[in-house]
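This report describes selected local features of one protein structure for a reader at the bench. Please consult the sequence and the three-dimensional view alongside the text.

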Amino acid sequence: MPRSSPRAPLRFSTQTLLLQLAVVLLVVLLSAAVHAWLTYDRVGREAENQALTLARTVASDPSVRADVLAISQQAGTPPAAELAAGPLMMSAEAVRTRTGALFVVITDETGLRLAHPDPQRLGERVSTDPSEALSGREVTTRNTGTLGPSAGAKVPVYAPGSSTVVGEVSVGYSMETVGQSVARDIGPVALTATGALLAGVLGSFLLRRRLQRLTLGLEPEEISTLVHDQVAVLQGVDDGVIGVSADGRITVFNAAAQRLLGLADLAGGHWQDAPVPDQLKSLTRPGSGATAAVELVAGGRVLVANARKALHRREDLGWVVMLRDRTELQQLTRQLDAVGTMSTALRAQRHEFANQLHTIAGFMSIGQHQQAREYLARLAATGPLKFPVDQAELLQDPYLQAFVGAKGVEADERGVALRIGPETLVRGQVTDAQDVTTVVGNLIDNAVNAAVAGSASDRWVEVEVMDEPDDDGGTLHVVVADSGDGLAEGTEGEAVFAEGFTTASGPVRAGGGQGFGLALARQLARRRGGDVKLLDPGAPGGPGAVFMATLPRTTAGTKNAGHTDAGLKDAAGEEENA
């Protein structure tokens, strides 16, 4: 026989619904049962009190007291036929018929029946213990006698004008009558219980639907797995992840996002009020592209951010914003550009150096030693490799000389003359080449672009560099000017340092890193305690804008820039006099 497949377990929402229905049903039934019992007990007590009142009335009747005393004084108990026709029997039955009691029984001092609804029971001892009533105490009882279950009372009968107990009166009301009274009262209770049960069922169904909507139809095990996976993924990636719900609340702000933006955990706050760059907020505004990406500078880092809409079964869950750090990539790109430019320059200069060696060899071969010495002196004064940078000899630091020289080759290829300002004086050695490359390279590149785009026929860029010695490391001051047309009319000085600002005439490629040079340079300088400022916005027709960068703790070791030149000149003079 084929084995039957195991039944799929009930969904959590279904289990919750059944549990709620069971609880509601149990509460309603328990409440109805308790109410019925209290009603039954109340009606029973009312029957007992009514029986007690009636028994007192019968026991206090003078004729009943006299008749009971007369029978008690006789030597024996009268026959049943005589008792059935006697006055006690007629009084008891009249009272029972009038009040609707189950029985009204009168006994003598020994408990023998003198009046009873069943004439055949007359003269017999009562079925319940009459001792308490015969001892002078009134009692209420619920018991089962010869006429069935009843709620009643027993009251002693005293002799006329005396406190001697000569008998007792028992009055009882049928418990079946009490049950019928309870049944009449329980009807509204049953209707109320039914209404409560229906309301509970309806509420359970509504709660089940809301639970399914809130949990997206997922089971608790699936939710637990998702939470563990979410924590593992969000905390295990280097990319920043920001989750924004459909109502604008920040639901996720992982550790990488906190590190990249330099902020504390913003989860739980409102997205539009969050202290994040406006470029990030613009990604989640209506009408933004599903795969839109922006570049921004935050905390000295170049970040690339994009946002995607989160949907689940056509339900809008909000946005997911991703942040990626491109700082190292930008720095490596600039360094590679500088190295490539320098390599190109060195390859070009290698040929020039070979030509210089051939010239010296030619002088020596024809015996023109004096001309060879003069030629060597000139080479020693200007350097063996001549970059297309005017007054390059003012830069004594080898790193700055090589880097600015490489930039000069690049500018020369674009028709721009790069020159060193006459006030340039650097006595120390550059110690933080990476930040210096980023800041100075950005300023020179922007100046070259402005000179190329300018209207002046004589295109130039001037760089003036000075260092200020300090015990904690020298401060490098860099001033860059160009022959361009300056900033556009109406452009504020601080606007050029905003992320995304560019003066490029061509279209800016998204994600290409354009429009972030000045912003990144300023943040790097300020992170070191310095700054990048706009000294002069320039004017149409030239000269162009002037920028100044201050870079603390970027040089070390004070050098006498004149020693090198003097030594070279002295050496050349000695050779000349030899």
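The sections below treat surface patches, salt bridges, a buried helix, polar contacts and backbone geometry.

## Basis of the report

The structure is a predicted model. Every value quoted here is computed from that predicted model.

## Surface patches

Two patches are described, one charged and one nonpolar. A patch of negative charge on the surface is formed by Glu468, Asp470, Asp471 and Asp472. One of its members, Asp471, sits in the loop that runs between strand 14 (460–468) and strand 15 (474–482). Asp471 has a relative accessible area of 80% and is therefore exposed, since the term applies over 50%.

The nonpolar patch on the surface consists of Leu30, Val34, Trp37 and Leu38. Together these residues present about 440 Å² of accessible area. Leu38 belongs to helix 1, which covers residues 12–59. With a relative accessible area of 52%, Leu38 is exposed. As background to such spacing, an α-helix has 3.6 residues a turn, so residues three or four places apart point the same way.

## Salt bridges

The structure contains 15 salt bridges. Among them is the pair Lys407 and Asp445, whose closest N and O atoms are 3.0 Å apart. This pair links distant parts of the chain, with Lys407 in helix 12 (residues 398–413) and Asp445 in helix 13 (residues 433–453), 38 residues apart. Lys407 has a relative accessible area of 10% and is buried.

Another salt bridge joins Arg419 to Glu462, again with the closest N and O atoms 3.0 Å apart. Arg419 lies in strand 12 (residues 417–420) and Glu462 in strand 14, so this salt bridge ties together parts that are 43 residues apart in sequence. Both partners are partly exposed: Arg419 has a relative accessible area of 26%, and Glu462 has a relative accessibility of 24%.

Salt bridges with shared partners also connect Arg113, Asp118, Arg121 and Glu124 into one network. Within this group, Arg121 forms a salt bridge with Asp118, and their closest N and O atoms are 3.7 Å apart. Arg121 is partly exposed at 31% relative accessibility, and Asp118 is partly exposed with a relative accessible area of 25%.

## A largely enclosed helix

Helix 14 spans residues 517–527. Eight of its 11 residues are buried, so helix 14 is largely enclosed by the rest of the structure. The buried residues are Gly517, Leu518, Ala519, Leu520, Ala521, Arg522, Leu524 and Ala525. The list thus includes Arg522 as well as residues such as Leu518 and Ala519.

After helix 14 comes Gly529, which has a positive phi near 95 degrees.

## Buried residues and polar contacts

Asn306 is located in strand 9, which comprises residues 301–312. Its relative accessible area is 14%, and Asn306 is buried. The side chain of Asn306 makes a polar contact with the side chain of Arg324, at 3.3 Å.

Thr554 is part of strand 17 and counts as buried, at 0% relative accessibility. A polar atom of the Thr554 side chain lies 2.8 Å from the backbone oxygen of Leu551.

Ile360 occurs in helix 10, residues 327–365. At 16% relative accessibility, Ile360 is buried, because that value falls under the 20% cut-off. The C-alpha atom of Ile360 is separated by 8.8 Å from that of Gln371, and the two residues are 11 residues apart along the chain.

## Backbone geometry in strand 17

Strand 17 covers residues 546–556 and includes Arg553. Arg553 is not a glycine, yet its phi is positive, at about 55 degrees. Most residues other than glycine have a negative phi. Arg553 is partly exposed, at 40% relative accessibility, whereas Thr554, also in strand 17, is buried at 0%.

Conventions
Residues numbered from 1 in each chain as written. Predicted model: local features only at pLDDT ≥ 70, side-chain atom pairs only at ≥ 80, totals over all residues. Heavy atoms only, no water. Patch = residues over 30% accessible without salt bridge, like charges linked within 9 Å, V, L, I, M, F, W, Y side chains within 5 Å. Areas by Shrake-Rupley, 256 points an atom, 1.4 Å probe, with all protein chains shown as cover. Salt bridge = Lys/Arg side-chain N within 4 Å of Asp/Glu carboxyl O. Lys, Arg positive; Asp, Glu negative; His and termini not counted. Charge placed at Lys NZ, Arg CZ, Asp CG, Glu CD. Helix = DSSP H or I, 4+ residues; strand = E, 2+ residues; numbered from the N terminus. Buried < 20%, exposed > 50% of the residue type's maximum accessible area, 1.4 Å probe, protein only. Polar contact = N/O pair within 3.5 Å; in protein donor to acceptor, adjacent residues only side chain to side chain.
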